[in-house]
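Student: I am new to this structure. Please take me through one part of it closely, the largest pocket and the salt bridges.

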Amino acid sequence: MLVEKIYQAWRQGRVLSLVSFDVKGAFNGVHSDVLERRLAARQVPTFAFKCIRDSCDGRQARVTVGGFESAVSPIEYAGIPQGFPLSPLLYIFYNADLVEWQVDGNGEPSISSTTSMHGW
């Protein structure tokens with residue numbers, strides 16, 4: 001249905017934009033240093049990020065295959081945890097730079113938005 005709506009818009013000469021995210025494993029892919037920069041760019045207080053980092057750091061994992069269980073090991077870049085109440089919101093902040101640009105009628109970034117892309 002989505003693809004048909006896109007074709008319908010094109011046939012009518014309209015510009016249509018779609019941004020989608022493949023969220024399988026998305027939270028695991030969040031790098032805490034990048035998240036910290038994105039939150040700071042949006043003026044989220046430092047103490048808030050420190051609380052968030054404390055909640056996400058120190059995660060561990062064990063691999064189980066059949067009857068074998070590995071030792072528990074720390075996860076170096078664990079991302080943000082599934083089931084953490086703030087994870088969806090943090091993921092939105094993490095990807096906000098990808099979707100915050102304003103575009104003109106030709107689909108080009110407008111001059112005003114390109115000057116505020118947080119150093120891009």
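Tutor: Here is a look at the pocket, followed by the salt bridges. Keep in mind that this is a predicted model.

Start with the largest pocket. Its volume is about 210 Å³. Its lining is made up of 17 residues. Nearest the centre lie Ser32, Cys56, Asp57, Ala78 and Gly79. Two elements each give two or more residues to this lining: helix H2 (32-41) and helix H3 (46-56). H3 gives the most, with four residues. Sorted by class, the lining has nine nonpolar, four polar and four charged residues.

Now stay with H2 and H3, but turn to a salt bridge. The side chains of Asp33 and Arg53 meet there, 3.1 Å from N to O. Asp33 belongs to helix H2 and Arg53 to helix H3, so this pair ties together parts that are 20 residues apart in sequence. Asp33 is partly exposed, at 36% relative accessible area. Arg53 also counts as partly exposed, at 24%.

Look elsewhere next. A search of the whole structure finds six salt bridges. One of them joins Glu4 and Arg11, with the closest N and O atoms 2.8 Å apart. Glu4 is partly exposed at 43% relative accessibility, whereas Arg11 is exposed at 59%. Another links Arg62 to Glu69, with the closest N and O atoms 3.1 Å apart. Arg62 is partly exposed, at 43%. Glu69 is partly exposed too, at 48%. Finally, salt bridges with shared partners join Asp33, Glu36 and Arg53 into one network.

Key: Residues numbered from 1 in each chain as written. Predicted model: local features only at pLDDT ≥ 70, side-chain atom pairs only at ≥ 80, totals over all residues. Heavy atoms only, no water. 1 Å grid on protein atoms, 1.4 Å probe; cavity = no way out; pocket = protein on both sides within 12 Å on 5 of 7 lines; lining within 4 Å. Points joined across faces, edges and corners; volume = space filled by probe spheres on them. Nonpolar A, V, L, I, M, F, W, Y, C, P; charged D, E, K, R; others polar. Salt bridge = Lys/Arg side-chain N within 4 Å of Asp/Glu carboxyl O. Buried < 20%, exposed > 50% of the residue type's maximum accessible area, 1.4 Å probe, protein only.
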